[in-house]
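Please walk me through the two ligand sites in this model, beginning with the surroundings of the first ligand and ending at the metal.

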Amino acid sequence: MSQLETKPFDQLIHNANIATMAGDSDYGIIENAAIGINDGKISYLGSAQNNFKAQQILDAEGQWLLPGLIDCHTHLIYGGNRANEFEMRLNGADYEEIAKAGGGIVSSVKATRAASEQELFESAAMRLEALIAEGVTSIEIKSGYGLDLETELKMLRVAKKLGGHYPIRVVPTLLGAHALPPEYKDNSDGYIDLVCNDMIPAVAQEKLADCVDVFCENIGFNYAQTEKVFQTAKAHGLKVKLHAEQLSDQNGAALVAQYNGLSADHLEYLSQDSIAQMAKAGTIATLLPGAFYFLRETKLPPIQALRDAGVPIAIATDHNPGTSPCLSILLMMNMACTLFKMTPLEALQATTINAAKALGLANEIGSIEVGKKAELTLWDIEHPNQLSYQFGSNPLTKIIR
Ligand code: NIG
Ligand code: FE
């Protein structure tokens, strides 16, 4: 430990039980351990030594130190809310009917276009604070409620600003192809041209996002349109991911895998064939139990087949005003267990290391390992399985970042 004697840690956390989440098949538990941090990175992980020096020392008092949680799929920025549609659905209308009648995503588009950048910032900031309070240290935020160049860029600028104002990593995604805006009614190919010719180049140029998403669905965009967006994204050096197989099987997951996509998300109607393609490409399956629950979906995503194929599973809130107005990543972990029959270990992997993979950031975050970023959470629990077990409560005591 001679090196450690000469260079003190910026921060030392000791007396912690650690779940590293670094392995494939367990929590990676190290009891009564210490972590040294230098320059924002983990530089030591192991037992505490008497000769350790540090500028700042934290006694974890036997609490559990986990990687920061990662919410890898959200639509956090939008104007208004859709409580009225919730009520309509409970009076008999269904999600697709409401969308076709000009409600749904398009009603959030109206409110988002009308809102100023500051208003969007303030409403999203409140939601972001709720997620941070549960230990979320990285979040993906999509555009997609602007559906014109100006408003899509406005949303992505708000995302960037949120990342600058809060102690959280914001990973922005362009979702220009989320729905058809009213001015392109009956001209979805024309709208895809706008996404490809104007939005993607502008976003790449201004570096406002490094990934592009599409809603590939009967009420969204078809396979050929999705492929065109992917081709354009790739030509501009952007990564791709996809809202795939949420309401029907469009072969979207196979398509996004073919373009080496980071993730295919939702996946209730995913086919065995697409699973094989995802496994081959290393595309992560991001499951969204909040939307499944809120839409009262009954078709489960093929969890066992994903496990059998070795496709890593991530879980996210999918926070959005229409299908998942949820601001609790912990509740999503519980629902992953109760609704999807995932195990508590899988649920925690799904919001740490696998969510990091879904963002293409697994070399930096998602597990506690020497060399990774020190984005950590401290919990007053007796075992990490408790995070999935209890719901409606929050045992987080501290974020170290
Ligand atoms: O992830 N599926 C498409 N997009 C969102 C729903 C957005 C909305 O209804 O506003 C989702 O479920
Ligand atoms: Fe979504």
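The shell around ligand 1 holds four nonpolar, nine polar and two charged residues (Ala, Val, Leu, Ile, Met, Phe, Trp, Tyr, Cys and Pro count as nonpolar, Asp, Glu, Lys and Arg as charged, and the others, Gly among them, as polar). The model is predicted: local features need pLDDT of at least 70, side-chain atom pairs count only at pLDDT 80 or more, and totals for chains, interfaces and linings use all residues. Residues are numbered from 1 along each chain as its sequence is written, chains are lettered from A and ligands numbered from 1 in the order in which they are written, and side-chain values use heavy atoms, without hydrogens and water.

Of the 15 residues around ligand 1, those that come nearest are Arg 82, Tyr 95, Tyr 145, Gln 246 and Thr 323 (a residue is near if one of its heavy atoms lies within 4 Å). An N or O atom in the Thr 323 side chain is 2.6 Å from an oxygen atom of ligand 1. For Arg 82, a polar side-chain atom lies 2.8 Å from a ligand 1 oxygen atom.

The iron ion (ligand 2) has as protein donors His 73 (NE2), His 75 (NE2), His 243 (NE2) and Asp 318 (OD), at 2.1 to 2.3 Å (donors are N, O and S atoms within 2.8 Å of the metal, or 3.2 Å for Na, K and Ca; water is not among the atoms, so sites may look incomplete). Along the chain their spacing is H-x1-H-x167-H-x74-D.

Conventions: Polar contact = N/O pair within 3.5 Å; in protein donor to acceptor, adjacent residues only side chain to side chain.
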